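Visitor: Could you walk me through this model and tell me what stands behind each label?
Guide: Gladly; here it is.

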Amino acid sequence: QVTKNVQSVISIGKDKARDYKTLIEAAKELPNLQFLIICRKSNIRGLKIPKNVEILFNISYRKVRNLYKGAIMAVIPIKEMYRSSGQMTLTDCMQVGIPVVITKVAGISHYPLVNNENCLLVSPGNVNNLKKAIKSLSDDKNLRHKLITNIKIISKHTISPCKSQVN
């Protein structure tokens with residue numbers, strides 16, 4: 001089971017734009033990695049879940065935060081729907097300081113994301129592209145460290161001003 005202190009690839013999100021089909025196909029081709037997906041049942045309806053993928057529903061935010069901390073990366077797979085999607089998960093990842101693989105779609109274009117600098121950007125619906133990004137990030141500790149360092153810089157400029165206005 002992934003949730004028992006095993007380093008894993010985590011993916012969180014419940015909106016209809018999530019592309020768990022592509023992520024699960026990539027996970028099937030990466031049997032040595034453990035994947036944890038936190039979503040709604042409707043997000044995965046009709047998908048065959050491989051042994052290296054654990055699905056969780058209705059998890060508290062506190063538990064989610066702890067799961068982020070135990071993961072080696074977060075994957076935010078998004079279908080191109082030309083609307084906002086993935087921002088909450090992306091900003092959570094920025095705050096926690098976890099490297100991110102995210103689909104390059106219009107809904108995240110307002111974030112200053114740069115491939116191989118502060119995240120890994122992948123094409124929508126491209127299983128091979130997603131698989132390669134996950135594998136490269138899982139194999140390269142230096143790349144993970146670089147992405148974490150640089151995503152935290154974005155976090156300071158993107159999230160902090162909003163926080164100070166709320167408080």
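Guide: The protein has seven helices and six strands, where helices (H or I, at least four residues) and strands (E, at least two) are DSSP runs numbered from the N terminus. This is a predicted model, where local features need pLDDT of at least 70, side-chain atom pairs count only at pLDDT 80 or more, and totals for chains, interfaces and linings use all residues. Residues are numbered from 1 along each chain as its sequence is written, and side-chain values use heavy atoms, leaving out hydrogens and water.

Visitor: Where does Asn118 lie?
Guide: Asn118 sits in the loop between strand E5 (100-103) and strand E6 (120-122).

Visitor: Why does Asn118 count as buried?
Guide: Buried means under 20% relative accessible area, with a 1.4 Å probe and protein chains only. Asn118 has 7% relative accessibility, so it counts as buried.

Visitor: What makes the approach of Asn118 to Pro112 a polar contact?
Guide: A polar contact is a pair of N or O atoms within 3.5 Å; within protein, one must be able to donate a hydrogen and the other to accept it, and residues adjacent in sequence count only if both atoms are side-chain atoms. The side chain of Asn118 reaches the backbone oxygen of Pro112 at 3.0 Å, and a polar atom of that side chain lies 2.8 Å from the backbone nitrogen of Val114.

Visitor: Which residues does Asn118 touch, not counting those up to four places away in sequence?
Guide: With contact meaning heavy atoms within 4.5 Å, Asn118 touches Pro112, Leu113, Leu147, Asn150, Ile151 and Ile154.

Terms used
Buried means under 20% relative accessible area, exposed over 50%, partly exposed in between (1.4 Å probe, protein chains only).
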